[in-house]
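Please work through the exercises below with the model open beside the text, and try each task before reading its solution.

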Amino acid sequence: MTRSLSPRAAPGGVIEPRAAIGGVIETDVSARLDRLPWGRFHTLVVLALGITWVLDGLEVTLAGALAGALKASPTLRFSNAEIGLATSSYLAGAVLGAVGFGWLTDRLGRKKLFFITLAVYLAATAATGLSWNLWSFCLFRFLTGAGIGGEYTAINSTIQELIPARARGWTDLVINGSFWLGAVLGAGTSLIVLDPALFGPDTGWRVAFGLGAFLGLVILFLRTWIPESPRWLMTHGRHEEAEALVAGIEARFRAEGHALSDGPFAKARLRQRSHTPLAEVLSALKAYRQRAWVGLALMSAQAFFYNAIFFTYALILIDFYQVPADGVGWYILPFAAGNFFGPVLLGRLFDTVGRKPMIALTYGMSGVLLALSGFAFQQEIVTATTLTLCWMAVFFFASAAASSAYLTVSEVFPLEIRALAIALFYAVGTSVGAVGPALFGVLIEGHSRTAIFGGYLLASVLMIAAGAVAGIWGVAAERKSLEDVARPLAATE
């Protein structure tokens, strides 16, 4: 992208002055971004920012797949309880990192934070591979989680603000669904690093975490050219930078052969500010309380649903189907494939059929199919292979549903509080979801298929109920500008 950080020249050749904090500017930046056709710029944004979810999928899958190696490590020799503590450390870091970095993302800008959060992740995951005892491992896992939690907020808000309205739903679902490419990578990596013919018992798990750090370095390089969000700039006294960025993006599209209309475009009047006071953030969340309740329902249900099943999937395979621990990765691969293809194939419908009907459909289908699969498990009519096929069908819909939860909370709140809103809902969802593995761990420990089926029914009911809530009280945000979905707090008449 040809980019100039100099102010944009006015028609008479005079450079527009930087808007003073408290002053009012009139801008068509948002309308110009939304009218762009899909181009190489958008593809690169998706690749450079969306790979965050690949990292998360890698981290979560490795955490489960390497449990045996951590127990067998001559240095660490973790017990089951200590592995559980390490997992809790990662989740706690993700929650606190999301909230802390989310607040900073709205205050300091998207670009600055998605570099900081990636740097935190990169350093922490590399350090994890050098851990020498339980507490060093837990500390580094906590910091890794903090980086990933911060990434969720900074990246989701940036993507929402750079992608045209007509493709926002599909893009967001595919990016969030790419978590499962990381799961595939993690499963494949575990099969290699746990092979005793290739790595020793205290080497393989260190190499696995080193891979995450290497990927972080590659992503850090890819992000160097990603611009700050023009939408964020135009509300923070940096209107001329926003104008220059959009003009540069338009110039690149024209150079690539795209014909762009010259307007006129709808304009917005915005009062410039350096930041949004916390009291105003809380007031805005209260004003959008119906949307907040919908977001909480969607995030909490999908988090419980996913964590309850995915984090205990290996235990089901090992305890009930006698699958060896080093062979679990082979079952995760097809499971992850179903999760990835759901958002890819269903994502377009969220922009065409609409948000509310598709969210209700995917949440509802996930719940119904889980209940049926759980019944088949309880009746002992499925094998490890056929149960995996059942999970592929369940999570084909559930993955699209879960991704739509992140889409919902990232587009239905005003620009000034978008990152913090994502952070708060992610934190609440993760906290609720953390109950799932603990509950199912107890149920699996009891070796009662009926009790486990009861747990599946609970997750099923939560998903169906959340889908109904979204279908009734959700927001039809498809193909609408973010500013039309939620008026900026800085908007003025």
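**Exercise 1. Locate His447, then describe its backbone and its exposure.**

Step 1: In this predicted model, His447 is found in the loop between α20 (435–445) and α21 (449–473). Step 2: Its phi is near 55°, a positive value in a residue other than glycine. Step 3: The relative accessibility of His447 is 47%, and it therefore counts as partly exposed, since that class lies between the 20% limit for buried and the 50% limit for exposed.

**Exercise 2. Carry out the analysis for Arg77: where does this residue lie, and is it buried or exposed?**

Step 1: Arg77 has its place in the loop between α4 (67–72) and α5 (80–108). Step 2: Although Arg77 is not a glycine, it has a positive phi of about 50°. Step 3: With a relative accessible area of 57%, Arg77 is exposed, because that class begins over 50%.

**Exercise 3. Determine which side chains of strand β1 are buried, and how this strand pairs with β2.**

Step 1: Strand β1 covers residues 24–27, and its side chains alternate along the strand. Step 2: Ile25 and Thr27 point to one face and are buried, whereas Val24 and Glu26 point to the other face and are not buried. Step 3: β1 pairs with strand β2 (residues 268–271) in the antiparallel sense, over four bridges. Step 4: Within β2, Arg269 is the bridge partner of Glu26.

**Exercise 4. Trace the salt bridges of Arg32, and ask what the pair with Glu243 ties together.**

Step 1: Arg32 forms a salt bridge with Asp28, in which the closest N and O atoms are 3.1 Å apart, and both of these residues are buried. Step 2: Arg32 also forms a salt bridge with Glu243, the closest N and O atoms here being 2.9 Å apart. Step 3: Because Arg32 lies in helix α1 (residues 29–34) and Glu243 in helix α12 (residues 239–255), the pair ties together parts that are 211 residues apart in sequence. Step 4: Arg32 counts as buried at 2% relative accessibility, and Glu243 is buried with a relative accessible area of 4%. Step 5: Seen together, Asp28, Arg32, Arg35, Glu243 and Glu250 are linked in a network of salt bridges.

**Exercise 5. Examine the contact between Asp34 and Arg231.**

Step 1: The side chains of Asp34 and Arg231 meet in a salt bridge, at 3.1 Å from N to O. Step 2: Asp34 lies in helix α1 and Arg231 in helix α11 (residues 230–233), so this pair ties together parts that are 197 residues apart in sequence. Step 3: Asp34 and Arg231 are both buried. Step 4: For the structure as a whole, the count comes to 18 salt bridges.

**Exercise 6. State how many disulfides a search of the whole structure finds, and describe the exposure of Cys138 and Cys390.**

Step 1: The search finds zero disulfides. Step 2: Cys138 counts as buried, at 6% relative accessibility, whereas Cys390 is partly exposed, with a relative accessible area of 23%.

**Exercise 7. Which residues make the nonpolar surface patch of about 390 Å², and where does Leu222 lie?**

Step 1: The patch is made by Phe214, Val218, Phe221 and Leu222. Step 2: Leu222 lies in helix α10, which covers residues 204–222. Step 3: Leu222 is partly exposed, with a relative accessible area of 32%, and it therefore passes the cut-off of over 30% that patch residues must meet.

Conventions: Residues are numbered from 1 along each chain as its sequence is written. This is a predicted model: local features need pLDDT of at least 70, side-chain atom pairs count only at pLDDT 80 or more; totals for chains, interfaces and linings use all residues. Side-chain values use heavy atoms; hydrogens and water are left out. Patches are made of residues with over 30% relative accessible area and no salt bridge: like charges are joined within 9 Å, nonpolar side chains (Val, Leu, Ile, Met, Phe, Trp, Tyr) within 5 Å. Accessible areas come from the Shrake-Rupley method with a 1.4 Å probe; for residues, only the protein chains shown count as cover. A salt bridge is a side-chain nitrogen of Lys or Arg within 4 Å of a carboxyl oxygen of Asp or Glu. Helices (H or I, at least four residues) and strands (E, at least two) are DSSP runs, numbered from the N terminus. Buried means under 20% relative accessible area, exposed over 50%, partly exposed in between (1.4 Å probe, protein chains only). Two strands pair if DSSP finds at least two bridges between them. A disulfide is a pair of cysteine sulfur atoms within 2.5 Å.
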